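Me: I'd like to go through this one label by label and see what backs each of them up. Can you take my questions as they come?

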Amino acid sequence: MAKGKEIQGKSPSYYAWQRLKKNRTAFFSLIFVFICMVIGLGGYAFLPDHTPNANNQNLELELLPPMSKALILQIQKKEQPARSNAISFLFSGQVSSFDEKPIQQYRTDGPNIFVVPAGGGKEETYPSAEVKIIQRTYWLGTDRYGRDMLSRLLLGTRISFAVGLISVVISLIIGVFLGAVAGFFRGWADSVILWLMNVVWAIPTFLLVMAVSLVLGRGFWQVFVAVGLTMWVEVSRMVRGQILAARELDYVTAGRALGFKSSRIIIRHILPNIFGPVLVIAAANFASAILLEAGLSFLGLGVQPPMPSWGVMINDHYGYIVLNAAYLAILPGLAIMFLVLAFNLLGNGLRDALDVKMR
(Lines give C-alpha, C1' and ligand atoms only; values in the text may rest on other atoms or scores of the structure.)
Protein backbone atom coordinates (compact mmCIF):
# COMPACT_ATOMS: atom_id res chain seq x y z
CA MET A 1 0.00 0.00 0.00
CA ALA A 2 2.86 2.33 0.84
CA LYS A 3 4.36 1.63 -2.55
CA GLY A 4 1.07 2.51 -4.21
CA LYS A 5 0.91 5.82 -2.34
CA GLU A 6 4.49 6.58 -3.37
CA ILE A 7 3.68 6.05 -7.04
CA GLN A 8 0.53 8.17 -6.79
CA GLY A 9 2.58 10.99 -5.31
CA LYS A 10 4.74 11.37 -8.43
CA SER A 11 4.37 14.59 -10.39
CA PRO A 12 3.03 14.71 -13.97
CA SER A 13 6.51 15.63 -15.21
CA TYR A 14 7.81 12.35 -13.74
CA TYR A 15 5.34 10.30 -15.80
CA ALA A 16 6.09 12.40 -18.89
CA TRP A 17 9.82 11.76 -18.47
CA GLN A 18 9.25 8.02 -18.07
CA ARG A 19 7.15 7.90 -21.23
CA LEU A 20 9.76 9.91 -23.12
CA LYS A 21 12.54 7.52 -22.06
CA LYS A 22 10.52 4.55 -23.31
CA ASN A 23 10.23 6.19 -26.72
CA ARG A 24 13.69 5.24 -28.02
CA THR A 25 13.52 7.37 -31.14
CA ALA A 26 12.60 10.50 -29.21
CA PHE A 27 15.08 9.77 -26.42
CA PHE A 28 18.01 9.27 -28.82
CA SER A 29 16.94 12.46 -30.59
CA LEU A 30 17.08 14.26 -27.24
CA ILE A 31 20.62 12.93 -26.68
CA PHE A 32 21.68 14.04 -30.17
CA VAL A 33 20.21 17.52 -29.62
CA PHE A 34 21.97 17.73 -26.24
CA ILE A 35 25.33 16.79 -27.81
CA CYS A 36 24.86 19.42 -30.51
CA MET A 37 23.97 21.98 -27.83
CA VAL A 38 27.16 21.16 -25.89
CA ILE A 39 29.20 21.55 -29.08
CA GLY A 40 27.50 24.88 -29.75
CA LEU A 41 28.13 26.15 -26.22
CA GLY A 42 31.69 24.80 -26.07
CA GLY A 43 32.46 26.41 -29.38
CA TYR A 44 36.15 26.80 -30.02
CA ALA A 45 37.14 24.39 -27.25
CA PHE A 46 36.09 21.50 -29.55
CA LEU A 47 37.62 22.86 -32.77
CA PRO A 48 41.02 22.06 -34.29
CA ASP A 49 41.06 25.64 -35.64
CA HIS A 50 40.78 28.14 -32.78
CA THR A 51 40.91 31.29 -34.90
CA PRO A 52 37.77 33.52 -35.02
CA ASN A 53 35.09 31.95 -37.25
CA ALA A 54 37.50 29.04 -37.90
CA ASN A 55 38.71 31.16 -40.78
CA ASN A 56 42.39 30.18 -40.92
CA GLN A 57 43.00 30.17 -44.69
CA ASN A 58 45.86 28.39 -46.45
CA LEU A 59 45.11 28.53 -50.16
CA GLU A 60 47.94 26.10 -50.90
CA LEU A 61 45.91 23.45 -49.04
CA GLU A 62 42.58 23.94 -50.83
CA LEU A 63 40.31 20.92 -51.41
CA LEU A 64 42.40 18.42 -49.46
CA PRO A 65 40.53 15.10 -49.06
CA PRO A 66 39.50 13.85 -45.60
CA MET A 67 42.25 12.47 -43.32
CA SER A 68 44.90 14.54 -45.10
CA LYS A 69 48.06 15.59 -43.28
CA ALA A 70 50.10 18.71 -43.98
CA LEU A 71 53.34 20.23 -42.73
CA ILE A 72 52.84 23.80 -41.50
CA LEU A 73 55.62 26.33 -40.87
CA GLN A 74 54.52 28.70 -38.11
CA ILE A 75 56.32 32.06 -38.10
CA GLN A 76 55.95 34.05 -34.90
CA LYS A 77 54.30 37.44 -35.41
CA LYS A 78 56.21 40.56 -34.41
CA GLU A 79 53.15 42.03 -32.70
CA GLN A 80 51.50 39.41 -30.52
CA PRO A 81 47.68 39.54 -30.26
CA ALA A 82 46.06 39.96 -26.86
CA ARG A 83 45.30 36.67 -25.13
CA SER A 84 41.62 35.88 -24.67
CA ASN A 85 40.23 34.84 -21.30
CA ALA A 86 38.36 31.55 -20.97
CA ILE A 87 34.88 32.95 -21.68
CA SER A 88 36.04 35.10 -24.58
CA PHE A 89 37.88 32.12 -26.05
CA LEU A 90 34.77 29.90 -25.96
CA PHE A 91 32.65 32.49 -27.78
CA SER A 92 35.14 34.31 -30.00
CA GLY A 93 38.20 32.11 -30.36
CA GLN A 94 41.78 33.33 -30.30
CA VAL A 95 43.72 35.18 -32.96
CA SER A 96 46.78 33.11 -33.86
CA SER A 97 50.20 34.20 -32.63
CA PHE A 98 51.77 32.82 -35.82
CA ASP A 99 51.66 33.35 -39.55
CA GLU A 100 51.35 29.98 -41.24
CA LYS A 101 52.94 28.69 -44.42
CA PRO A 102 52.38 25.15 -45.76
CA ILE A 103 55.61 23.38 -46.76
CA GLN A 104 56.62 20.21 -48.59
CA GLN A 105 59.68 19.30 -46.58
CA TYR A 106 62.27 20.78 -44.23
CA ARG A 107 65.70 20.21 -42.75
CA THR A 108 67.54 21.66 -39.79
CA ASP A 109 71.12 22.88 -39.97
CA GLY A 110 72.47 24.56 -36.85
CA PRO A 111 70.48 27.69 -35.90
CA ASN A 112 68.48 27.69 -39.16
CA ILE A 113 65.63 25.70 -40.67
CA PHE A 114 65.50 25.19 -44.43
CA VAL A 115 62.06 24.59 -45.95
CA VAL A 116 60.59 23.96 -49.40
CA PRO A 117 57.20 25.73 -49.85
CA ALA A 118 54.13 23.62 -50.61
CA GLY A 119 53.82 25.13 -54.08
CA GLY A 120 57.44 24.32 -54.90
CA GLY A 121 60.23 26.76 -55.59
CA LYS A 122 63.53 27.62 -53.99
CA GLU A 123 64.48 26.52 -50.52
CA GLU A 124 63.88 29.19 -47.86
CA THR A 125 65.79 29.80 -44.66
CA TYR A 126 64.38 30.78 -41.25
CA PRO A 127 65.94 31.19 -37.79
CA SER A 128 65.00 28.22 -35.60
CA ALA A 129 64.18 30.47 -32.66
CA GLU A 130 61.43 32.33 -34.56
CA VAL A 131 59.60 29.44 -36.21
CA LYS A 132 58.29 25.98 -35.51
CA ILE A 133 57.00 23.20 -37.70
CA ILE A 134 53.89 21.17 -36.93
CA GLN A 135 52.01 18.40 -38.72
CA ARG A 136 48.27 19.07 -38.91
CA THR A 137 45.60 16.49 -39.71
CA TYR A 138 42.50 17.63 -41.57
CA TRP A 139 39.98 14.99 -40.54
CA LEU A 140 37.29 16.15 -42.99
CA GLY A 141 39.65 17.80 -45.43
CA THR A 142 39.70 21.47 -46.39
CA ASP A 143 37.36 23.73 -48.34
CA ARG A 144 38.20 25.78 -51.39
CA TYR A 145 39.89 28.41 -49.22
CA GLY A 146 42.09 25.89 -47.42
CA ARG A 147 40.10 26.10 -44.16
CA ASP A 148 39.56 23.14 -41.86
CA MET A 149 36.21 21.61 -42.80
CA LEU A 150 35.63 19.90 -39.44
CA SER A 151 36.08 23.14 -37.51
CA ARG A 152 33.65 25.08 -39.67
CA LEU A 153 31.09 22.27 -39.63
CA LEU A 154 31.13 22.07 -35.83
CA LEU A 155 31.04 25.84 -35.41
CA GLY A 156 28.02 25.96 -37.74
CA THR A 157 26.12 24.08 -35.01
CA ARG A 158 26.30 27.20 -32.85
CA ILE A 159 24.79 29.36 -35.60
CA SER A 160 21.87 26.99 -36.11
CA PHE A 161 21.18 26.66 -32.38
CA ALA A 162 21.46 30.40 -31.76
CA VAL A 163 19.06 31.25 -34.59
CA GLY A 164 16.66 28.49 -33.56
CA LEU A 165 16.65 29.40 -29.88
CA ILE A 166 16.27 33.15 -30.17
CA SER A 167 13.74 32.89 -33.01
CA VAL A 168 11.63 30.47 -30.97
CA VAL A 169 11.80 32.76 -27.92
CA ILE A 170 10.67 35.74 -30.02
CA SER A 171 7.84 33.71 -31.58
CA LEU A 172 6.73 32.42 -28.15
CA ILE A 173 6.65 35.89 -26.60
CA ILE A 174 4.57 37.33 -29.44
CA GLY A 175 2.44 34.24 -30.05
CA VAL A 176 1.58 33.48 -26.42
CA PHE A 177 0.70 37.11 -25.68
CA LEU A 178 -1.54 37.60 -28.71
CA GLY A 179 -3.11 34.16 -28.41
CA ALA A 180 -3.85 34.64 -24.72
CA VAL A 181 -5.42 38.06 -25.27
CA ALA A 182 -7.53 36.82 -28.19
CA GLY A 183 -8.69 33.64 -26.47
CA PHE A 184 -9.42 35.03 -23.01
CA PHE A 185 -10.98 38.42 -23.75
CA ARG A 186 -12.72 37.55 -27.04
CA GLY A 187 -14.70 40.45 -28.57
CA TRP A 188 -13.01 43.02 -30.77
CA ALA A 189 -9.52 42.04 -29.57
CA ASP A 190 -10.09 38.48 -30.80
CA SER A 191 -11.40 39.73 -34.14
CA VAL A 192 -8.41 42.03 -34.76
CA ILE A 193 -5.80 39.48 -33.71
CA LEU A 194 -7.51 36.70 -35.68
CA TRP A 195 -7.56 38.92 -38.78
CA LEU A 196 -3.84 39.66 -38.34
CA MET A 197 -3.07 35.94 -37.95
CA ASN A 198 -4.99 35.10 -41.11
CA VAL A 199 -3.16 37.79 -43.10
CA VAL A 200 0.27 36.57 -41.97
CA TRP A 201 -0.79 32.94 -42.40
CA ALA A 202 -1.77 33.58 -46.03
CA ILE A 203 1.77 34.67 -46.97
CA PRO A 204 4.25 31.83 -47.68
CA THR A 205 6.65 31.68 -44.74
CA PHE A 206 9.87 31.75 -46.71
CA LEU A 207 8.75 34.71 -48.81
CA LEU A 208 7.79 36.58 -45.65
CA VAL A 209 11.16 35.82 -44.07
CA MET A 210 12.94 37.05 -47.20
CA ALA A 211 10.91 40.28 -47.18
CA VAL A 212 11.69 40.96 -43.51
CA SER A 213 15.38 40.16 -44.12
CA LEU A 214 15.55 42.61 -47.01
CA VAL A 215 14.00 45.32 -44.81
CA LEU A 216 16.24 44.69 -41.80
CA GLY A 217 19.38 44.04 -43.83
CA ARG A 218 21.78 41.12 -44.00
CA GLY A 219 23.52 39.87 -40.92
CA PHE A 220 23.63 37.51 -37.97
CA TRP A 221 21.24 39.33 -35.64
CA GLN A 222 18.80 40.26 -38.38
CA VAL A 223 18.15 36.56 -39.03
CA PHE A 224 16.87 36.12 -35.45
CA VAL A 225 14.29 38.87 -35.84
CA ALA A 226 13.28 37.91 -39.37
CA VAL A 227 12.62 34.27 -38.49
CA GLY A 228 11.05 35.04 -35.10
CA LEU A 229 8.61 37.59 -36.54
CA THR A 230 7.25 35.03 -39.01
CA MET A 231 6.84 32.01 -36.71
CA TRP A 232 4.49 33.41 -34.06
CA VAL A 233 1.26 32.65 -35.93
CA GLU A 234 1.24 28.90 -35.22
CA VAL A 235 1.93 29.56 -31.54
CA SER A 236 -0.79 32.19 -31.34
CA ARG A 237 -3.42 30.01 -33.02
CA MET A 238 -2.66 27.08 -30.72
CA VAL A 239 -2.66 29.20 -27.53
CA ARG A 240 -5.91 30.88 -28.57
CA GLY A 241 -7.61 27.52 -29.08
CA GLN A 242 -6.35 26.14 -25.78
CA ILE A 243 -7.44 29.22 -23.82
CA LEU A 244 -10.87 29.26 -25.50
CA ALA A 245 -11.43 25.79 -24.06
CA ALA A 246 -9.82 26.52 -20.67
CA ARG A 247 -11.66 29.80 -19.96
CA GLU A 248 -14.92 27.93 -19.41
CA LEU A 249 -13.49 25.43 -16.92
CA ASP A 250 -14.31 25.50 -13.22
CA TYR A 251 -10.94 26.70 -11.95
CA VAL A 252 -11.12 29.79 -14.19
CA THR A 253 -14.67 30.50 -13.02
CA ALA A 254 -13.49 30.10 -9.42
CA GLY A 255 -10.65 32.54 -10.01
CA ARG A 256 -13.06 35.14 -11.34
CA ALA A 257 -15.38 34.60 -8.38
CA LEU A 258 -12.47 35.19 -6.00
CA GLY A 259 -11.73 38.49 -7.72
CA PHE A 260 -8.43 37.53 -9.32
CA LYS A 261 -7.21 39.79 -12.08
CA SER A 262 -7.38 38.46 -15.62
CA SER A 263 -3.59 38.64 -15.96
CA ARG A 264 -3.16 36.47 -12.85
CA ILE A 265 -5.65 33.88 -14.10
CA ILE A 266 -3.90 33.70 -17.49
CA ILE A 267 -0.29 33.65 -16.27
CA ARG A 268 -0.57 31.59 -13.08
CA HIS A 269 -3.42 29.23 -13.88
CA ILE A 270 -4.13 28.83 -17.59
CA LEU A 271 -0.67 29.03 -19.20
CA PRO A 272 0.89 26.34 -16.93
CA ASN A 273 -1.89 23.97 -18.01
CA ILE A 274 -1.15 24.45 -21.70
CA PHE A 275 2.63 24.27 -21.31
CA GLY A 276 2.77 20.84 -22.97
CA PRO A 277 1.35 21.87 -26.37
CA VAL A 278 3.48 25.03 -26.32
CA LEU A 279 6.62 22.96 -25.74
CA VAL A 280 5.73 20.62 -28.60
CA ILE A 281 5.16 23.45 -31.08
CA ALA A 282 8.37 25.15 -29.89
CA ALA A 283 10.35 22.01 -30.84
CA ALA A 284 8.73 21.99 -34.28
CA ASN A 285 9.44 25.71 -34.74
CA PHE A 286 13.07 25.14 -33.72
CA ALA A 287 13.44 22.75 -36.67
CA SER A 288 11.70 25.20 -39.00
CA ALA A 289 13.98 28.03 -37.86
CA ILE A 290 17.09 25.98 -38.68
CA LEU A 291 15.78 25.31 -42.19
CA LEU A 292 14.83 28.95 -42.72
CA GLU A 293 18.25 30.18 -41.56
CA ALA A 294 20.02 27.72 -43.86
CA GLY A 295 17.87 28.80 -46.79
CA LEU A 296 18.45 32.50 -46.15
CA SER A 297 22.20 32.00 -45.77
CA PHE A 298 22.31 29.92 -48.95
CA LEU A 299 20.68 32.80 -50.84
CA GLY A 300 23.04 35.33 -49.26
CA LEU A 301 20.33 37.01 -47.17
CA GLY A 302 21.25 35.53 -43.81
CA VAL A 303 24.54 34.99 -42.02
CA GLN A 304 27.39 36.55 -43.96
CA PRO A 305 30.86 35.07 -44.65
CA PRO A 306 33.24 34.27 -43.09
CA MET A 307 30.80 33.17 -40.37
CA PRO A 308 30.42 29.39 -40.83
CA SER A 309 26.70 28.85 -41.41
CA TRP A 310 25.73 25.52 -42.95
CA GLY A 311 23.74 27.34 -45.62
CA VAL A 312 26.77 29.46 -46.55
CA MET A 313 28.94 26.32 -46.70
CA ILE A 314 26.52 24.67 -49.13
CA ASN A 315 26.40 27.81 -51.26
CA ASP A 316 30.21 27.95 -51.40
CA HIS A 317 30.60 24.34 -52.52
CA TYR A 318 27.46 23.13 -54.29
CA GLY A 319 29.36 23.37 -57.59
CA TYR A 320 31.68 20.59 -56.38
CA ILE A 321 28.83 18.05 -56.21
CA VAL A 322 29.60 16.96 -59.79
CA LEU A 323 33.32 16.80 -59.04
CA ASN A 324 35.38 14.65 -56.69
CA ALA A 325 34.74 16.94 -53.69
CA ALA A 326 30.96 16.53 -53.34
CA TYR A 327 31.35 15.95 -49.58
CA LEU A 328 32.00 19.69 -49.12
CA ALA A 329 28.32 20.38 -49.87
CA ILE A 330 26.91 17.05 -48.67
CA LEU A 331 28.31 17.24 -45.11
CA PRO A 332 26.60 20.52 -44.12
CA GLY A 333 23.44 19.29 -45.86
CA LEU A 334 23.51 16.12 -43.75
CA ALA A 335 24.11 18.21 -40.62
CA ILE A 336 20.98 20.25 -41.37
CA MET A 337 18.98 17.11 -42.11
CA PHE A 338 19.98 15.25 -38.95
CA LEU A 339 19.43 18.21 -36.62
CA VAL A 340 16.03 19.07 -38.12
CA LEU A 341 15.02 15.39 -38.02
CA ALA A 342 16.09 15.15 -34.37
CA PHE A 343 13.94 18.14 -33.38
CA ASN A 344 10.93 16.80 -35.29
CA LEU A 345 11.24 13.36 -33.68
CA LEU A 346 11.75 14.97 -30.28
CA GLY A 347 8.64 17.08 -30.81
CA ASN A 348 6.61 13.97 -31.65
CA GLY A 349 7.97 12.24 -28.55
CA LEU A 350 7.12 15.22 -26.34
CA ARG A 351 3.61 15.30 -27.76
CA ASP A 352 3.08 11.65 -26.77
CA ALA A 353 4.83 11.99 -23.41
CA LEU A 354 2.84 15.05 -22.35
CA ASP A 355 -0.51 13.59 -23.41
CA VAL A 356 -2.24 12.71 -20.13
CA LYS A 357 -4.56 10.30 -21.93
CA MET A 358 -1.59 8.01 -22.58
CA ARG A 359 -0.88 7.58 -18.86
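Me: What makes Gly 349 and Asp 352 count as residues that Asn 23 touches?
Reply: This is a predicted model, and touching here means heavy atoms within 4.5 Å. Asn 23 meets that with Gly 349 and Asp 352, leaving aside residues up to four places away in sequence. Asn 23 itself sits in the loop between helix H2 (12-22) and helix H3 (24-42). Leu 350 is 327 residues away from Asn 23 in sequence, yet their C-alpha atoms are 9.6 Å apart.

Me: Why is Asn 23 called partly exposed?
Reply: Its relative accessibility is 25%. Buried needs under 20% and exposed needs over 50%, so Asn 23 goes in between, as partly exposed.

Me: And Leu 63 and Met 67, how do you know which is exposed and which is partly exposed?
Reply: Same cut-offs. Met 67 has a relative accessible area of 51%, and over 50% is exposed, so that's its label. Leu 63 is at 30%, so it counts as partly exposed. Both Leu 63 and Met 67 are in the loop between H3 and strand S1 (68-76).

Me: What is the phi of each, given that neither is a glycine?
Reply: Positive in both cases: about 55° for Leu 63 and about 70° for Met 67.

Me: What makes the peptide bond between Pro 305 and Pro 306 cis?
Reply: Look at omega, which is about 5° there. Pro 306 is in the loop between H12 and H13.

Me: Why is the set of 24 residues called a nonpolar core?
Reply: To earn that name, residues of nonpolar types such as Phe, Ile, Leu and Trp must be buried and joined through side-chain atoms within 4.5 Å. The largest such set here has 24 residues, and Phe 161, Trp 310 and Phe 343 are among those with the most contacts inside it. At least two residues each come from H3, helix H5 (149-185), helix H12 (275-298), helix H13 (310-317) and helix H14 (327-353). H14 gives the largest share, eight residues. In general, nonpolar side chains in soluble globular proteins tend to be buried together.

Me: Which residues does Phe 343 touch?
Reply: Beyond residues up to four places away in sequence, Val 33, Phe 161, Ala 283, Phe 286, Ala 287 and Ile 290.

Me: How does the radius of gyration of the chain compare with that of a compact globule?
Reply: A compact globule of 359 residues would come out near 21 Å, but this chain has 27 Å. So by that rule the chain is over the compact value.

Terms used: Residues numbered from 1 in each chain as written. Predicted model: local features only at pLDDT ≥ 70, side-chain atom pairs only at ≥ 80, totals over all residues. Heavy atoms only, no water. Rg over C-alpha atoms; globule rule 2.2 N^0.38 Å. Helix = DSSP H or I, 4+ residues; strand = E, 2+ residues; numbered from the N terminus. Buried < 20%, exposed > 50% of the residue type's maximum accessible area, 1.4 Å probe, protein only.
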